[in-house]
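Got your viewer open? Load the model and get a cartoon view on screen, then follow along.

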Amino acid sequence: MAGVGVAATLAVRLNPPERVGSWGWCPWLVVTGRPCPTCGGLRALSALTHGDLPSAWAANGYLTATALSAVLVWLGSLVWLLTRRHGALRHGALSVAVLGWAVGLGVFGGVRWIVSPAWFIA
């Protein structure tokens with residue numbers, strides 16, 4: 001999973017979404033006319049690769065928090081693997097975390113639609 005994350009981050013770093021048309025168009029936005037909860041995610045990831053946390057948060061706060069959390073979880077898993085400290089990971093914790101993340105993404109997207117979808121579409 002870490003390799004997939006690194007590859008995706010590298011792809012965004014090498015092909016920045018700030019260039020018009022660099023990643024194509026969003027089919028969800030074209031079909032519905034409304035942004036999805038992940039809208040601005042590429043811009044957020046690009047800003048993170050440049051160390052610009054405020055711009056990343058403005059582009060998509062949820063993805064920014066997810067990326068930072070994923071790094072922390074990965075580091076925690078690495079420490080657990082190296083030290084074999086039992087109790088660090090509980091059975092079913094990953095399922096609960098993924099479910100919580102998905103629910104949070106839905107809430108985040110809903111709040112973005114209600115507040116004003118125009119503020120994050122560049």
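Here is a short tour, going from the overall fold to a pocket and then to a surface patch.

**Whole chain.** Keep in mind that this is a predicted model. Colour by secondary structure and you'll find 6 helices and 0 strands, so the order along the sequence reads α-α-α-α-α-α. Now colour by accessible area: buried residues make up 20% of the 122 residues.

**The largest pocket.** Next, turn on a pocket surface. How much space lies in the largest pocket? About 1600 Å³. Select T66, A67, S69, A70 and V71 to get your bearings, since of the 37 lining residues these lie nearest the pocket's centre. Then show the helices around the space: α1 (2-14), α3 (41-49), α5 and α6 (93-115) each supply at least two residues of the lining. Which helix gives the most to that lining? Pick α5, which contributes 13 residues. Colour the lining by class and you should get 26 nonpolar, 10 polar and 1 charged residues.

**Along α5.** Stay with this helix, and select residues 61-83 to show all of α5. Zoom in on L75, which lies in α5. Is L75 buried, partly exposed or exposed? L75 is partly exposed, because its relative accessible area is 39%, between the 20% and 50% cut-offs.

**The nonpolar patch.** Now add V71, L72, W74, L78 and L82 to your L75 selection and switch to a surface view: together these residues make a nonpolar surface patch of about 620 Å². V71 turns up at two stops on this tour, in this patch and among the residues nearest the centre of the largest pocket.

How values were computed: Residues are numbered from 1 along each chain as its sequence is written. This is a predicted model: local features need pLDDT of at least 70, side-chain atom pairs count only at pLDDT 80 or more; totals for chains, interfaces and linings use all residues. Side-chain values use heavy atoms; hydrogens and water are left out. Patches are made of residues with over 30% relative accessible area and no salt bridge: like charges are joined within 9 Å, nonpolar side chains (Val, Leu, Ile, Met, Phe, Trp, Tyr) within 5 Å. Accessible areas come from the Shrake-Rupley method with a 1.4 Å probe; for residues, only the protein chains shown count as cover. A salt bridge is a side-chain nitrogen of Lys or Arg within 4 Å of a carboxyl oxygen of Asp or Glu. Helices (H or I, at least four residues) and strands (E, at least two) are DSSP runs, numbered from the N terminus. Buried means under 20% relative accessible area, exposed over 50%, partly exposed in between (1.4 Å probe, protein chains only). On a 1 Å grid over the protein atoms alone, a cavity is a set of points where a 1.4 Å probe fits but cannot get out, and a pocket is an open set with protein on both sides within 12 Å along at least five of seven lines; lining residues have an atom within 4 Å of a point. Grid points are joined across faces, edges and corners, and a volume is the space filled by probe spheres set on the points. Ala, Val, Leu, Ile, Met, Phe, Trp, Tyr, Cys and Pro count as nonpolar, Asp, Glu, Lys and Arg as charged, and the others, Gly among them, as polar.
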